[in-house]
Amino acid sequence: MDIALFSPASLFADPDGDSNDEETKESHQNFVERKHQFPGMELIIREFSFHQLNANLLWPGTFAFAEWLVQNRSWMAGRRVIELGSGTGALAIFLHKSFNLDITTSDYDDPDIEDNIAHNCRFNGIIPVLPHIKHSWGEIFPITNPDWNLVIASDILLYVKQYPNLIKTLSFLLKSYKPQASEEVSQKSQSNDACLLPRPAFLMSWRRRIRKEDESLFFNGCDEAGLEVQHLGTRVYCIVPREVNC
């Protein structure tokens, strides 16, 4: 359900009817707030009209992944999580509210995305807002020693040309992570059927259709980068450094 529609441009309109220079160069965003049903709760998420990398809307994989994570909630216990391609921030907001999860959002280096995620956090009762990392895949990551032991994402395989950059960022986050002593002890004590993810790990889900050859291109790129891919079912994948098994 759409709740409100407005344009920030109206706040800066010239009373004489003339557009200012900025408005003639680039149109301002239109925003719409929509109610979205997640497992056990309803969120009101502000989405904006357009983004060059489709960071403006919620996609089907977000809801399917939320359901899957609820069913496998033990896999997230005690995790420090970063979400790639957070878009509106809806999935991160849901996970934080549902499980009090320590989660950081991240997306393309764009103030519109960061501001919108912060707005959605506040509107849904998360104050202070979730931490956010501005990062364009493939570029130098702004944090040299990442301490997230779980990376998540949904519906991020649309742009084939971005696969090498995505894999580069994934490789950095997964291979640069240094487990804490308590985590090493915990993993050694787990039984073989504990059904828990290794640390670090990347969980990815998608529902948007991509070509089989594009899917293979991504997975082959992961393999060449020393990352192991395992299909966990319902189009959810676990990706870890090759020396670690899902």
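Is Arg235 buried, exposed or partly exposed? In this predicted model, Arg235 is partly exposed, because its relative accessible area of 28% falls between the limits of 20% and 50%. The residue sits in the loop between β9 and β10. Its phi is near 60 degrees, a positive value in a residue other than glycine. Thr234 is found in the loop between β9 and β10 as well. Thr234 also has a positive phi, near 50 degrees, without being glycine. Its relative accessible area is 52%. Thr234 therefore counts as exposed, the cut-off being over 50%. Most residues other than glycine have a negative phi.

The overall architecture comes next. The protein has seven helices and 10 strands. Of its 246 residues, 48% are buried. Among contacts with a separation of 6 or more, 67% join residues 24 or more positions apart.

Helix α2 covers residues 60-71. It has 12 residues and spans 17 Å from its first C-alpha to its last. That is close to the 16 Å expected at 1.5 Å a residue. Its buried residues are Gly61, Thr62, Phe65, Ala66, Trp68, Leu69 and Val70. An α-helix has 3.6 residues a turn, so residues three or four places apart point the same way. The buried residues of α2 pack against both helix and strand elements. The strands are β2 (31-38), β7, β8 (201-205), β9 (227-233) and β10 (236-241). The helix is α3 (90-99).

Phe63 belongs to α2 too, but is absent from the buried set of that helix. Its relative accessible area is 24%, so Phe63 is partly exposed, the limit for burial being under 20%. Beyond residues up to four places away in sequence, Phe63 touches His36, Gln37, Phe38 and Leu58. Phe63 and Arg207 are 144 residues apart in sequence. In space, their C-alpha atoms are 9.5 Å apart.

Cysteines were examined next. The structure holds zero disulfides. Cys121 is found in helix α4, residues 111-123. It is buried, with a relative accessible area of 0%. Cys222 likewise counts as buried, at 0% relative accessibility. Leaving aside neighbours within four places in sequence, Cys121 is in contact with Ile93, Ile126, Val129 and Leu130. The pair Cys121 and Ile93 is separated by 28 residues in sequence. Their C-alpha to C-alpha distance is 6.5 Å.

Two cis peptide bonds deserve mention. One runs from Ile127 to Pro128, with omega near 0 degrees. Pro128 has its place in the loop between α4 and β6. Another joins Arg199 and Pro200, with omega about 5 degrees. Pro200 lies in the loop between α6 (181-189) and β8. Most peptide bonds are trans.

His135 was considered in turn. It lies in the loop between β6 (132-134) and β7 (150-154). Its relative accessible area is 4%, so His135 is buried under the 20% limit. Residues up to four places away in sequence are not counted among its contacts here. The remaining partners of His135 are Asp107, Tyr108, Asp109, Ile140, Phe141, Pro142 and Thr169.

Internal space was searched last. Rolling a probe the size of a water molecule over the atoms shows where empty space is left. A search of the whole structure finds one cavity of 30 Å³ or more. The largest cavity holds about 40 Å³ of space. Its lining consists of Asp155, Ile156, Leu157, Leu158, Trp206, Arg208 and Ile210. Five of the lining residues are nonpolar and two are charged. No polar residue takes part in the lining.

Conventions: Residues numbered from 1 in each chain as written. Predicted model: local features only at pLDDT ≥ 70, side-chain atom pairs only at ≥ 80, totals over all residues. Heavy atoms only, no water. Helix = DSSP H or I, 4+ residues; strand = E, 2+ residues; numbered from the N terminus. Buried < 20%, exposed > 50% of the residue type's maximum accessible area, 1.4 Å probe, protein only. Contact = heavy atoms within 4.5 Å. 1 Å grid on protein atoms, 1.4 Å probe; cavity = no way out; pocket = protein on both sides within 12 Å on 5 of 7 lines; lining within 4 Å. Points joined across faces, edges and corners; volume = space filled by probe spheres on them. Nonpolar A, V, L, I, M, F, W, Y, C, P; charged D, E, K, R; others polar. Disulfide = S-S within 2.5 Å. Expected span 1.5 Å × (residues − 1).
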